[in-house]
Amino acid sequence: MADQKDEKLPVFSSLKDSPSAMTKKGAYAAVSYMVSAVLLVLFNKAALSSYRFPYANVITLFQMISSLALLYALKLWKIISFTVEPQNNTNKNPATLIPLKTLVYTLPLAISYLLYMLVTMESVRVVSVPMYTTLRRTTVAFTMIVEYFLSGNKHSYSVIGSVGIIVFGAFIAGARDLSFDAYSYAVVFVANICTAVYLASIARIGKSSGLSTFGLMWSNGASSLH
């Protein structure tokens with residue numbers, strides 16, 4: 001039972017393990033994430049649809065390069081750390097800023113991350129923004145299913161009910177844009193599955209890698225570029 005608890009996906013375990021209410025810093029982070037996520041979706045949709053840019057992989061590539069450059073600058077200025085605990089610099093690979101052994105260990109996570117990014121970009125291209133938002137709300141349900149099969153974790157009826165309300169509310173919000181397209185819907189649901197697998201990979205590989213959240217981002221980006 002203890003092993004199962006350790007394998008809970010972060011999206012749910014963080015809610016249960018939080019000892020206190022959200023701080024101002026947490027609120028700012030949440031709002032910043034929300035604004036960034038919305039702007040990113042709108043930018044990708046505009047580039048892929050309105051301006052008919054056909055290469056989603058090129059946009060993904062430049063987004064990865066931009067995130068790596070930002071992470072490198074923050075690391076250089078010692079604002080962030082790539083590891084949970086300080087490590088001996090002699091074990092660092094200059095090309096990756098993290099131990100090469102760790103980079104190899106997190107390779108499955110990087111593959112799931114790359115797949116998640118590419119499929120998500122395609123899903124943004126094939127559906128409207130309201131329907132994309134609506135269908136992506138089912139990601140939480142997919143994550144709960146993956147969590148159940150991987151760790152056997154069962155959620156309370158209150159959690160399941162809350163997720164149901166979120167999904168139901170999203171479909172109501174996007175009802176006017178509901179126009180069934182088998183391919184488009186299939187791509188979005190595949191993106192949801194890839195997201196769930198990525199979260200599962202973080203739970204199984206990320207926590208035992210010794211890397212911080214920023215280190216995992218750097219490892220994913222560096223491995224995907226290679």
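Burial, contacts and a surface patch

Guide: In this predicted model, buried residues make up 39% of the 226 residues in the chain.

Visitor: Why is Thr138 called buried?

Guide: Its relative accessible area is 8%, and buried means under 20%, so Thr138 counts as buried. Thr138 lies in the loop between helix H7 (129-136) and helix H8 (139-151).

Visitor: What does Thr138 touch, leaving out residues up to four places away in sequence?

Guide: Thr138 touches Val167, Phe171, Phe189 and Asn192.

Visitor: What makes the pair Thr138 and Asn192 a polar contact?

Guide: Their side chains are joined at 2.7 Å. The cut-off for a pair of N or O atoms is 3.5 Å, with one able to donate a hydrogen and the other to accept it; the 2.7 Å pair is therefore within that limit.

Visitor: Why is Val31 called partly exposed?

Guide: Val31 has a relative accessible area of 45%. Partly exposed is the range between under 20% and over 50%, so the value of 45% places Val31 there.

Visitor: How do you know that Val31 can belong to a surface patch?

Guide: Patch residues need over 30% relative accessible area, and Val31 has 45%. Val31, in helix H3 (residues 24-50), makes a nonpolar patch of about 530 Å² together with Met34, Val35, Val38, Leu39 and Leu42.

Visitor: How many helices and strands are there in the chain?

Guide: The chain has 11 helices and zero strands. Of its contacts with a separation of 6 or more, 79% are between residues 24 or more positions apart.

Definitions and conventions
Residues are numbered from 1 along each chain as its sequence is written. This is a predicted model: local features need pLDDT of at least 70, side-chain atom pairs count only at pLDDT 80 or more; totals for chains, interfaces and linings use all residues. Side-chain values use heavy atoms; hydrogens and water are left out. Patches are made of residues with over 30% relative accessible area and no salt bridge: like charges are joined within 9 Å, nonpolar side chains (Val, Leu, Ile, Met, Phe, Trp, Tyr) within 5 Å. Accessible areas come from the Shrake-Rupley method with a 1.4 Å probe; for residues, only the protein chains shown count as cover. A salt bridge is a side-chain nitrogen of Lys or Arg within 4 Å of a carboxyl oxygen of Asp or Glu. Helices (H or I, at least four residues) and strands (E, at least two) are DSSP runs, numbered from the N terminus. Buried means under 20% relative accessible area, exposed over 50%, partly exposed in between (1.4 Å probe, protein chains only). Contact means heavy atoms within 4.5 Å.
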